[in-house]
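I opened the model to look up its fold, its charged pairs and its surface. The notes are in the order in which I checked things.

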Amino acid sequence: QNTMEKDQYENLSGINKELKHIGDIAMANNKRIGDNAAVFNKNVTDLIQQITLIKSNLKALGQDPNSLSRY
């Protein structure tokens, strides 16, 4: 019975170590996902600002009578 209890305890100990390792990996991946999401959101915001700037520049060019007469 002592041997069975010892074997069972060792198995549980091993499983707990594996679960802790998996939990650590999951936490690291979660942090990485959060960091990537922040970078992605910044890139999207930058792109939207650039598109808005291009649109306003094109609108200004279209309304400029001097640029129309050149073409």
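The entries below go from the whole chain to single residues.

**Entry 1: the chain as a whole.** I noted at the start that this is a predicted model. I counted two helices and zero strands in the protein chain. I then looked up burial: of the 71 residues in the protein chain, 1% are buried. The exposed area of the protein chain is about 6800 Å². Carbon and sulfur atoms supply 60% of that area.

**Entry 2: salt bridges.** How many salt bridges does a search of the whole structure find? I got three. Side chains of opposite charge can pair when their charged atoms come close. I took the pairs one at a time.

**Entry 3: Lys 20 and Asp 24.** The side chains of Lys 20 and Asp 24 form a salt bridge, with 3.2 Å from N to O. Both residues sit in helix H1, which covers residues 2-63. They are four residues apart, or about one turn of the helix. Is Lys 20 buried or exposed? Lys 20 counts as exposed because its relative accessibility is 55%, and the cut-off for exposed is over 50%. Asp 24 has a relative accessible area of 43%, so I entered Asp 24 as partly exposed.

**Entry 4: Lys 31 and Asp 35.** I found a salt bridge between the side chains of Asp 35 and Lys 31, at 3.1 Å from N to O. Asp 35 and Lys 31 both belong to helix H1 and are four residues apart, about one turn of the helix. Lys 31 is exposed, at 55% relative accessible area. Asp 35 is partly exposed, at 39%.

**Entry 5: Lys 42 and Asp 46.** In the salt bridge of Asp 46 with Lys 42, the closest N and O atoms are 2.9 Å apart. I placed both residues in helix H1, four residues apart, about one turn of the helix. Asp 46 has a relative accessible area of 26%, which means that Asp 46 is partly exposed; buried would require under 20%.

**Entry 6: a nonpolar patch.** Which residues form a nonpolar patch on the surface? I listed Leu 12, Ile 15, Leu 19 and Ile 22. Together they have about 390 Å² of accessible area. I looked at one of them further: Ile 15 is in helix H1. Ile 15 is partly exposed, with a relative accessible area of 45%.

Technical notes:
Residues are numbered from 1 along each chain as its sequence is written. This is a predicted model: local features need pLDDT of at least 70, side-chain atom pairs count only at pLDDT 80 or more; totals for chains, interfaces and linings use all residues. Side-chain values use heavy atoms; hydrogens and water are left out. Buried means under 20% relative accessible area, exposed over 50%, partly exposed in between (1.4 Å probe, protein chains only). Accessible areas come from the Shrake-Rupley method with a 1.4 Å probe; for residues, only the protein chains shown count as cover. A salt bridge is a side-chain nitrogen of Lys or Arg within 4 Å of a carboxyl oxygen of Asp or Glu. Patches are made of residues with over 30% relative accessible area and no salt bridge: like charges are joined within 9 Å, nonpolar side chains (Val, Leu, Ile, Met, Phe, Trp, Tyr) within 5 Å.
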